[in-house]
Amino acid sequence: MSSGIPRPLISLHEFGGSPMNSGRLLRGMHKVYSHDLPNQMVALQCLLQLLQAEEAEHLGVEGQEYVRRLQNVTQRACEQVRFLKEMGRINTCSAKSETISLSALARELQGELQQKHPHKQFVFEWQWQAPAITGDARTFLLALSELCAGFLPTLGKRCRLSARSERRGAAIEVVFDAAEVPGPKNMDPTALPPRWSMHNLKQRMEVTLAREWLALSEAELEVTLPSVGSARFSIVIPNR
């Protein structure tokens with residue numbers, strides 16, 4: 001007798017019911033968003049760049065607009081694929097519980113930022129009232145890297161990154177401030193990149209990923225924009 005459920009749904013349910021098959025399904029999904037989709041997105045981006053470079057005069061205004069729209073859609077798709085890939089890493093990560101020197105963590109972050117953003121001039125300022133925290137050093141660094149990757153491109157060439165820590169009851173709060181160092185008074189404001197805003201802040205992929213990385217160490221993140229051209233990342237970590 002028919003159960004009234006379409007056969008494909010029964011097959012999917014039966015497939016997911018076996019631990020071996022579920023693991024195979026997860027591995028297959030991981031391969032898709034880790035390798036297959038990124039490779040296809042890169043190929044599509046290269047094709048669109050080639051089309052725009054070599055066939056621009058034949059495309060016309062309308063054709064170039066379609067290419068621009070496709071490039072925007074492809075860029076968003078690449079970001080979503082990266083998000084899936086990073087969430088897969090987070091969900092399979094086994095976080096350690098270790099004592100982390102904030103000075104060592106800051107030095108590692110400083111070196112990474114200087115390597116990734118060689119065109120920027122950084123000013124670093126560190127003040128540690130609480131010199132160490134407990135958690136997984138790698139996940140903390142990945143979280144800070146995500147936040148900086150999202151916010152620093154919106155600043156000008158000169159950036160100041162400062163941090164301080166203090167005890168707050170049974171926890172330790174680490175506050176990172178990223179701000180643009182004021183340039184010449186006659187600088188053209190329209191030459192600066194677009195800013196973050198509180199309206200889209202909660203939707204930023206980098207903020208979501210940073211929160212997930214920090215959650216592995218039971219840490220909580222709050223991001224605010226104290227003023228135009230600045231951001232504050234407040235991380236509260238249990239003092240175990």
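A residue is counted here as buried when its relative accessible area is under 20%, as exposed when that area is over 50%, and as partly exposed in between. By this criterion, 34% of the 240 residues of the protein are buried in the structure, which is a predicted model. The protein contains 7 helices and 7 strands, and these elements follow one another along the sequence in the pattern α-α-α-β-α-β-β-α-β-β-α-α-β-β. Among the contacts between residues at least 6 apart in sequence, 71% join residues that are at least 24 apart.

In soluble globular proteins, nonpolar side chains tend to be buried together. The largest nonpolar core of the present model comprises 41 residues, of which Leu113, Ile133, Phe140, Phe176, Leu221, Phe233 and Ile235 touch the most other members. Helix α5, which runs over residues 137-151, gives the most to this core, with 7 residues. The surroundings of Ile235 can be listed in full: when residues up to four places away in sequence are not counted, Ile235 touches Phe140, Leu144, Ile172, Glu173, Val174, Phe176, Leu214, Ala219, Glu220 and Leu221. Of these contacts, Phe140, Phe176 and Leu221 also belong to the group of core residues that touch the most other members.

Helix α4 was examined for its geometry and its packing. For the 15 residues of this helix (residues 102-116), a rise of 1.5 Å a residue leads to an expected span of 21 Å, and the end C-alpha atoms are 21 Å apart, so the model agrees with the expectation. The buried residues of α4 are Leu102, Leu105, Ala106, Leu109, Glu112 and Leu113. Because these residues cover an arc of only 130° around the axis, they lie on the same side of α4, whereas Arg107 and Gln115, on the other side of the helix, are exposed. An α-helix has 3.6 residues a turn, so residues three or four places apart point the same way. The buried residues of α4 pack against several other elements, namely β1 (98-101), β2 (121-128), β3 (132-135), α5, β4 (158-168) and β5 (171-180). Leu113, one of the buried residues of α4, is also among the members of the largest nonpolar core that touch the most others.

A search of the whole structure finds 10 salt bridges, of which three are described here. In the first pair considered, the side chains of Arg68 and Glu65 meet with an N to O distance of 2.5 Å. Both residues lie in helix α3 (residues 56-91), where they are 3 residues apart, or about one turn of the helix. Arg68 counts as partly exposed because its relative accessibility is 38%, and Glu65 likewise counts as partly exposed, at 28%. This pair forms part of a network of salt bridges in which Glu65, Arg68 and Arg69 are linked.

The second pair consists of Arg160 and Glu125, whose closest N and O atoms are 3.5 Å apart. Since Arg160 lies in strand β4 and Glu125 in strand β2, this salt bridge ties together parts that are 35 residues apart in sequence. Arg160 is partly exposed, with a relative accessible area of 31%, and Glu125 is partly exposed as well, with a relative accessible area of 38%. In the third pair, the side chains of Arg232 and Asp177 meet at 2.6 Å, N to O. This salt bridge links distant parts of the chain, with Arg232 in strand β7 (residues 230-238) and Asp177 in strand β5, 55 residues apart. Arg232 is partly exposed, with a relative accessible area of 29%, whereas Asp177 is buried, with a relative accessible area of 13%.

Two residues in loops complete the description. His117, located in the loop between α4 and β2, is buried, with a relative accessible area of 13%. Leaving aside neighbours within four places in sequence, His117 is in contact with Phe122 and Leu152. Asp136 is found in the loop between β3 and α5. Although Asp136 is buried, this residue has no salt bridge, and the nearest side chain of opposite charge, that of Arg138, is 4.6 Å away; this separation is not within the 4 Å required of a salt bridge. With neighbours within four places in sequence again left aside, Asp136 is in contact with Ser94, Ala95, Lys96, Glu98, Ile100 and Ser217.

Terms used:
Residues numbered from 1 in each chain as written. Predicted model: local features only at pLDDT ≥ 70, side-chain atom pairs only at ≥ 80, totals over all residues. Heavy atoms only, no water. Core = buried A, V, L, I, M, F, W, Y, C linked by side-chain atoms within 4.5 Å. Buried < 20%, exposed > 50% of the residue type's maximum accessible area, 1.4 Å probe, protein only. Helix = DSSP H or I, 4+ residues; strand = E, 2+ residues; numbered from the N terminus. Contact = heavy atoms within 4.5 Å. Expected span 1.5 Å × (residues − 1). Arc of directions from axis to C-beta. Lys, Arg positive; Asp, Glu negative; His and termini not counted.
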